[in-house]
Amino acid sequence: MQLALSTWQEVERYLERSTGIIIPIGSTEQHGPNGLIGTDAICPLRISQHIETLQDVLIAPSINYGMSAHHMAFAGSVTLKPSTLVQVIIDVVGSLRRHGFTHYYFLNGHGGNIPAVTAAFSELYADVSEGDLSLRCRMANWWRDAAVKQLAAELYGEAEGFHATVSEVALSYYAYPEAVKDVPLSPEVAPTGEFFDAFDFRQKFPDGRIGSSPQLATVKDGERFCRLAADALLADYLEFLSA
Ligand code: NI
């Protein structure tokens, strides 16, 4: 069940069955020459949609903007300041809390969001008074799931990389096969290393990739990642509901 496609009466009835909600969160940032700018939001949303076919869950509209300051030297990237993202999360949870939701499962698709999401959870817990409705927040980073990592290692080895990874590009292609880009990538495997600000990032990683060969991405592999991640994250979510 998707919040955006439900009526308020349906949400009221859902709340009698469950007070948990899955909130996909991603970013709008460059993902190299063949990766979609929406990749980090598309992946968790697609996984959520698969989870929805397996279980009676409620999926919130995805938060499509994240903390992408380090990608701002590439056209099309959009960023929230870390403090803005913290506030967005606090307001989304605060709104849902008024209706009786207690368990907030942020299905994250972007590493750059992790500090802000963690900070937002700390702010939310700091505000809980004795006797309040229980508040439980968890962030799940789909690409860090053990089974997902294992499949990526089996399929691509080192070429999975760190940004514009093969697995995320594959999953986004599975979600939008009509958006698959067939462009040559050079060098085949992108460089790796440390970076500081957005300009430094572009200088060190001129086409936007870090350590990856996303030309290996296929729709078929994307489906495998989606199903694997959905199974693992559903199990994690169900366990979280009893926390
Ligand atoms: Ni990404």
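1. Which residues coordinate the nickel ion? In this predicted model, the nickel ion is coordinated by His31 through NE2, by Asp40 through OD and by Glu168 through OE, at 1.9 to 2.2 Å. Read along the chain, these donors follow the spacing H-x8-D-x127-E.

2. As to the surroundings of the donors, histidine 31 has a relative accessible area of 1% and is therefore buried, and aspartate 40, with a relative accessible area of 2%, is likewise buried.

3. The sheet is an open one, formed by three strands in the order β1-β2-β3 with parallel pairing. Because β1 (20-25) and β3 (136-141) each have a single partner strand, they stand at the edges, and one side of each is left without a neighbour in the sheet. From one strand to the next, the twist averages 20°.

4. Within that sheet, the pairing of β2 (residues 103-108) with β3 is parallel and extends over six bridges. One position in this part of the sheet can be named on both sides, since histidine 103 stands opposite arginine 136 in β3.

5. Helix α8 deserves attention together with the sheet, for α8 lies across β1, β2 and β3 and runs at about 160° to β2.

6. The largest nonpolar core has 59 residues, and those with the most contacts inside it are Ile47, Ile51, Phe101, Tyr104, Phe106, Trp142 and Leu233. Helix α8 (residues 219-241) supplies the largest share of this core, namely eight residues. When residues up to four places away in sequence are not counted, leucine 233 touches Ile47, Ile51 and Trp142, and also Tyr105, Leu107 and Ala140.

7. A residue to inspect separately is arginine 97, which is found in helix α3 (residues 82-97). Is arginine 97 buried or exposed? Its relative accessibility is 18%, and because buried means under 20%, arginine 97 counts as buried. With neighbours within four places in sequence left aside, arginine 97 is in contact with Tyr104, Val128, Asp132, Leu133, Ser134 and Leu135; of these partners, Tyr104 is also listed among the residues with the most contacts inside the largest nonpolar core.

Definitions and conventions: Residues are numbered from 1 along each chain as its sequence is written. This is a predicted model: local features need pLDDT of at least 70, side-chain atom pairs count only at pLDDT 80 or more; totals for chains, interfaces and linings use all residues. Side-chain values use heavy atoms; hydrogens and water are left out. Donors are N, O and S atoms within 2.8 Å of the metal (3.2 Å for Na, K and Ca); water is not among the atoms, so sites may look incomplete. Buried means under 20% relative accessible area, exposed over 50%, partly exposed in between (1.4 Å probe, protein chains only). A nonpolar core is a set of buried Ala, Val, Leu, Ile, Met, Phe, Trp, Tyr and Cys residues joined through side-chain atoms within 4.5 Å. Helices (H or I, at least four residues) and strands (E, at least two) are DSSP runs, numbered from the N terminus. Contact means heavy atoms within 4.5 Å. Two strands pair if DSSP finds at least two bridges between them. Axes are lines fitted to C-alpha atoms, for helices over the stretch in contact, and angles run from 0 to 180 degrees between N-to-C directions.
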